[in-house]
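The following report goes through one protein model, moving from the surroundings of its ligand to the packing of its interior and the pairing of its strands.

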Amino acid sequence: MAGKRKRKNAAERRGIHPRNKYSDNPPDFALLASLYPSFEPFVFYLRDGRPKIDWTDFNATRELTRVLLLHDHGINWWIPDGQLCPTVPNRLNYIHWIEDLLASDVIPTNRADCDVIKGFDIGTGTNCIYPLLGASVLGWKFVGSDMTDVAIEWANRNVESNPHISHLIEIRKVHFEDSIEESQISQKSSNEGGSECSSIKSEETRSGTKKSCYNGPPVLLGVVKDEEMFDFCMCNPPFFETIEEGGLNPKTSCGGTSEEMVCSGGEHAFITRIIEDSVKLKHTFRWYTSMVGRKLNLNTLVSEIWNVGATVVKTTEFVQGRTSRWGLAWSFLPASRKMLPSHKIEENNLSFMLEGLHRQHSGFDVLQSVESHFSGSGASCKLDSAAFNVDITASKDQIDSILKAETHNTVDAAEFNRSNSPNDQQSQPDAMRFRISVLQQNPGTLLVRGTLLDRSSSTSGLFSPIFQHLKDVLINKFCTGRGIKL
Ligand SMILES: C[S@@+](CC[C@H](N)C(=O)[O-])C[C@H]1O[C@@H](n2cnc3c(N)ncnc32)[C@H](O)[C@@H]1O
């Protein structure tokens, strides 16, 4: 039992940035409860003594964020009821990833060491979390924008409650009626084209649905002032097209009003607007970045960015618990190293989405099918139901037999053959070792991720076709007629 628990915690932490304060030391609820009496009522203890909080209780998650910011970062913070409540470890991952981008030599630095890094947080919210963390952990300067009165009022309050960093942060209101001055466009732009959906043609997804345009207030163009220069922009965009879509996760309660969570066209349209603005603002920012909530959107957006002439595109995956989000970054500065336009993120880390899952199927059913799929060809499989993954070791012959199998009925045949799986592949030098994890995105949507565990094997080049084959099998079995094939 203890062994299992240890594995689960390690798996949960795997997606945390190594410099994240919480990567080796997750928040200690018992300690915080003993130090902060206001947090104590929200902590309860499992039979084995582990302290927990109820993630579906907004007051509990808000109090946790408040005490973490105070205890670990010396930040005074509060938000009104119902507003989006950030989780501190998760928001720190994005900050540290930007720190990596700024330090990398992919694009030239050409800035003096004494210059303070300056960032722009698009949609800072009432919580103003990125400017507060960026300023306090790394000493960065920020402009944080938002369009709602409540966000501007509370972001300002949160800044003013922290006089030690308040000089580093400016909160800027975005107005619906803000017009984009012609002069600004011609000054900043080296590219022709309007600011509406015209500069990037609205994309058709591979599932055939047309994406709608963003039609809200300005995002960067019209908000950034003439002569301003930034090292980066960042954004946790309104992810959803409707509030119903946004309220689907029954396992957490981080609040979030419709203004915070929803915009026409959802995150795809919002980030497309950032891309359009970036084409006009070009070198005003060294890096343009955004969070992306859906893998399908990530792939489409990466193509859009290459199509508008970016010199560099970078992506990363942020994993927390069973939720994945992606970081997307691009630049128009001349790349110091040549980058090939590629949609592959990392060859030893592949993933796809299972969308529109039939109601009767759970993530565990998918996990069992993964196991059956590989054990049916004789591969050795170890299913860890706590970590929601299967570790697979397959010999060269077994890989060949998996790849030769017909996609359509493979799973059922595999179930039939399951008891024949030998367990001695570990010792074979050409065996491929990999892990398949199943992560819940939101109800009806799962992320299936494959990780090559040993890159040195002579068969590691077959990982991608093996994973592609698994994708076809699972979509066929679980999402017939509705699965989105990436
Ligand atoms: C998902 S919330 C993110 C809040 C905060 N940054 C965080 O990570 O918790 C999105 C925010 O974007 C704001 N927003 C929407 N459209 C905007 C625009 N055009 N310019 C600036 N902010 C905008 C919303 O009001 C909301 O506060």
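In which strand does Asp 146 lie? Asp 146 lies in strand S4, and in this predicted model the residue is a convenient point from which to begin. Asp 146 counts as buried because 25 C-beta neighbours fall inside 10 Å. Apart from its neighbours within four places in sequence, Asp 146 is in contact with Gly 123, Thr 124 and Gly 125, with Ala 151, Ile 152 and Ala 155, and with Lys 173 and Val 174.

Ser 145 is also found in strand S4. This residue is buried, since 26 other C-beta atoms lie within 10 Å, and its contacts, again leaving aside neighbours within four places in sequence, are Ile 122, Gly 123, Thr 124, Arg 172, Val 174 and Val 223. Its C-alpha atom is separated by 6.3 Å from that of Asp 121, although the two residues are 24 residues apart along the chain.

**Surroundings of the ligand**

The ligand is surrounded by 24 residues, of which Gly 123, Gly 125, Val 174, Asn 236 and Glu 260 come nearest. By character, the shell divides into 13 nonpolar, eight polar and three charged residues. Helix H5 (129–138), strand S4 (141–146) and helix H9 (258–261) each supply at least two residues of this shell, and the largest share, three residues, comes from H9.

An unreviewed UniProt entry places the feature "binding site" at Arg 91, Gly 123, Asp 146 and Asn 236. Of these annotated positions, Arg 91 has its place in helix H4, which covers residues 88–103. Is Arg 91 buried or exposed? Arg 91 is buried, because 20 other C-beta atoms lie within 10 Å and the threshold for that class is 20 or more. Not counting residues up to four places away in sequence, Arg 91 touches Pro 86, Ile 129, Tyr 130 and Leu 133.

The table sets out the burial of residues discussed in this report.

| Residue | Other C-beta atoms within 10 Å | Class |
|---|---|---|
| Ser 145 | 26 C-beta atoms | buried |
| Asp 146 | 25 C-beta atoms | buried |
| Arg 91 | 20 C-beta atoms | buried |
| Pro 51 | 15 C-beta atoms | partly exposed |

Pro 51 is found in strand S2, residues 51–53, and counts as partly exposed because it has 15 C-beta neighbours inside 10 Å. When neighbours within four places in sequence are left aside, Pro 51 is in contact with Phe 29, Ala 30, Ala 33, Val 43 and Tyr 45. The C-alpha atoms of Pro 51 and Ala 33, residues that are 18 apart along the chain, are separated by 9.5 Å.

**Chain and cores**

The protein chain as a whole has 15 helices and 14 strands, and buried residues make up 44% of its 486 residues. Among contacts between residues at least 6 apart in sequence, 72% join residues at least 24 apart.

Which residues have the most contacts inside the largest nonpolar core? They are Leu 220, Cys 233 and Ile 274, in a core of 79 residues. Leu 220, apart from its neighbours within four places in sequence, is in contact with Ile 122, Cys 233, Ile 274, Asp 277 and Leu 281. A second, separate core has 34 residues, including Met 353, Cys 381, Ala 431 and Leu 446.

**Paired strands**

Strand S10 (residues 349–355) is largely enclosed by the rest of the structure, because six of its seven residues are buried. S10 pairs with strand S14 (residues 445–452) in the antiparallel sense over seven bridges, and within this pairing Met 353 has Leu 447 of S14 as its bridge partner. Met 353 is also among the residues of the second core.

Strand S12 (residues 389–394) is likewise largely enclosed by the rest of the structure, because five of its six residues are buried. Strand S11 (residues 380–384) and S12 pair in the antiparallel sense over five bridges, with Leu 383 standing opposite Val 390 in S12. The hairpin formed by S11 and S12 has four residues between the strands, and in it Phe 388 takes a positive phi near 60°.

Key
Residues are numbered from 1 along each chain as its sequence is written. This is a predicted model: local features need pLDDT of at least 70, side-chain atom pairs count only at pLDDT 80 or more; totals for chains, interfaces and linings use all residues. A nonpolar core is a set of buried Ala, Val, Leu, Ile, Met, Phe, Trp, Tyr and Cys residues joined through C-beta atoms within 7 Å. A residue is buried if 20 or more other C-beta atoms lie within 10 Å of its own, exposed if 12 or fewer, and partly exposed in between; C-beta atoms are placed from the backbone. Two residues are in contact if their C-beta atoms, placed from the backbone, lie within 7 Å. A residue is near a molecule or strand if its C-beta atom, placed from the backbone, lies within 6 Å of it. Ala, Val, Leu, Ile, Met, Phe, Trp, Tyr, Cys and Pro count as nonpolar, Asp, Glu, Lys and Arg as charged, and the others, Gly among them, as polar. UniProt positions are given in the numbering used here, feature names are shortened, and annotations may be inferred rather than shown by experiment. Two strands pair if DSSP finds at least two bridges between them.
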